[in-house]
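Please walk through this structure with me, beginning with its cysteines and then moving to its nonpolar cores, a strand residue and a pair of packed helices.

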Amino acid sequence: MRLVITGALGFIGQNLAHFLRRSGHPATLVGIDRYRDGPAAERAVFDQFHSGCFASDEGLALAASGDAVVHLAAQASVRESMIDPIGTFETNAAQSLRLIDHLRRHAPNTHFVFASTGAVSQDAGPMDESARPNPASPYGASKLCAEAMLRAYASAWGLAAVSLRFSNVYGPHSRRQGGVIPQFCRQMLEGSCLRINGDGRQTRDYIYVDDISQAIAAALEARAEGLFQLGTGVRTSVMEVAEIFRTLAPGRMPEVVHGPALAGEIRNNLANIAHARAELGFVPQHSLQDGIARTLAWYQSELVG
């Protein structure tokens with residue numbers, strides 16, 4: 001299989017590539033990413049790499065050369081989407097549509113795996129594939145738009161496509177990532193306070209990135225189509241995450257401080273993964289305690305040495 005990964009130098013793209021290599025997946029890995037400042041080792045895991053936008057002429061041609069495309073490239077920050085909703089729409093919806101339409105016209109048999117998000121709905125959960133679309137941010141709305149276009153292309157032209165709605169993914173290779181767990185890792189290693197936006201009682205379904213990589217690999221293997229909700233099915237508050245970090249801090253207990261809640265953030269979410277379990281054999285392997293310990297160890301090696 002020739003597998004093209006957009007957003008290849010991003011957090012999930014890096015982990016997916018390494019997961020496929022470790023798993024012995026028989027794929028030629030082709031990476032596309034416009035980020036240019038990362039270490040050369042991040043590109044080395046790919047057999048071929050294009051430094052540029054996936055929606056450029058060269059990026060589109062490279063995507064059309066694959067047997068499958070995993071489309072991870074995105075503006076993935078809720079906060080940034082509140083600042084620049086038009087730019088978020090351009091990246092996540094308009095450019096994604098250019099990629100989808102190019103494949104329809106030039107590589108109609110390519111299997112398309114789209115990284116979507118639970119932020120397409122404000123349902124508190126457990127949220128399954130039938131959840132009412134109701135995004136709280138331009139980020140969630142932009143992903144929902146791309147999902148809808150994929151459904152339309154599948155119906156009108158038979159495009160083989162699957163949307164995977166990720167819950168809150170965390171893990172190694174997240175040096176450029178926002179989110180609670182990467183921020184707590186950096187704050188702990190810097191010796192600063194753990195900063196929480198809001199009261200800390202907001203809840204998330206946190207999933208370790210290797211479990212997401214396993215789900216993507218299963219979707220590729222099955223040439224899955226349609227929609228799948230991905231997470232762990234376990235609800236955890238931000239305060240509970242902070243307590244896990246405090247237990248991982250030998251000899252000191254980092255202080256927790258609170259700031260204002262962020263606009264556009266969903267209060268609670270939780271994934272119902274029954275469909276993914278039944279159709280893809282998806283069973284998350286990592287507890288939150290274990291995943292945070294692994295992530296913190298990676299940050300320790302990267303930031304402290």
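A disulfide is taken here as a pair of cysteine sulfur atoms within 2.5 Å. By that criterion this structure, which is a predicted model, holds 0 disulfides. Two of the cysteines show why in terms of distance: the sulfur of Cys145 has its closest cysteine sulfur in Cys53, 17 Å away and therefore too far for a bond, and the sulfur of Cys185 has its closest cysteine sulfur in Cys193, at 16 Å, which is again too far for a bond. The surroundings of these two residues can be stated as well, since Cys145 counts as partly exposed because its relative accessibility is 27%, while Cys185, at 0% relative accessibility, counts as buried.

From the cysteines we turn to the nonpolar interior. In soluble globular proteins, nonpolar side chains tend to be buried together. The largest nonpolar core here has 39 residues, and the members that touch the most other members are Leu3, Ile12, Val70, Leu72, Leu164, Phe166 and Ile216. Among the elements that give two or more residues to this core are strand E1 (2-6), helix H1 (11-22), strand E4 (68-71) and helix H8 (209-222), and it is H8 that supplies the largest share, with 8 residues. Leaving aside residues up to four places away in sequence, Val70 touches Leu3, Val4, Ile5, Thr6, Leu16, Val113, Ile216 and Leu220. A second, separate core of 21 residues includes Val4, Leu60, Val69 and Tyr153.

Strand E3 (residues 48-51) is where Gln48 is placed, and this residue counts as partly exposed because its relative accessibility is 33%. With residues up to four places away in sequence again left out, Gln48 touches Arg2, Leu29, Val30, Gly31 and Leu62. Although Gln48 and Leu60 are 12 residues apart along the chain, their C-alpha atoms are separated by 14 Å.

The last step concerns a pair of helices. Two packed helices are described by the angle between their axes and the distance between the axes. Helix H7 (residues 180-190) packs against helix H9 (residues 238-247) at an angle of about 35°, with the axes 11 Å apart, and H7 passes H9 in a right-handed crossing. On the H7 side the contact is formed by Val180, Ile181, Phe184, Cys185 and Met188, which meet Val238, Val241, Ala242, Phe245 and Arg246 in H9. Sorted by character, the residues of this contact comprise 9 nonpolar, no polar and 1 charged. Cys185, one of the H7 residues in this contact, is the buried cysteine described earlier.

Conventions: Residues numbered from 1 in each chain as written. Predicted model: local features only at pLDDT ≥ 70, side-chain atom pairs only at ≥ 80, totals over all residues. Heavy atoms only, no water. Axes fitted to C-alpha atoms, helices over the stretch in contact; angles between N-to-C directions. Helix = DSSP H or I, 4+ residues; strand = E, 2+ residues; numbered from the N terminus. Left-handed = near helix turned anticlockwise from the far one by under 90°. Contact = heavy atoms within 4.5 Å. Nonpolar A, V, L, I, M, F, W, Y, C, P; charged D, E, K, R; others polar. Buried < 20%, exposed > 50% of the residue type's maximum accessible area, 1.4 Å probe, protein only. Core = buried A, V, L, I, M, F, W, Y, C linked by side-chain atoms within 4.5 Å.
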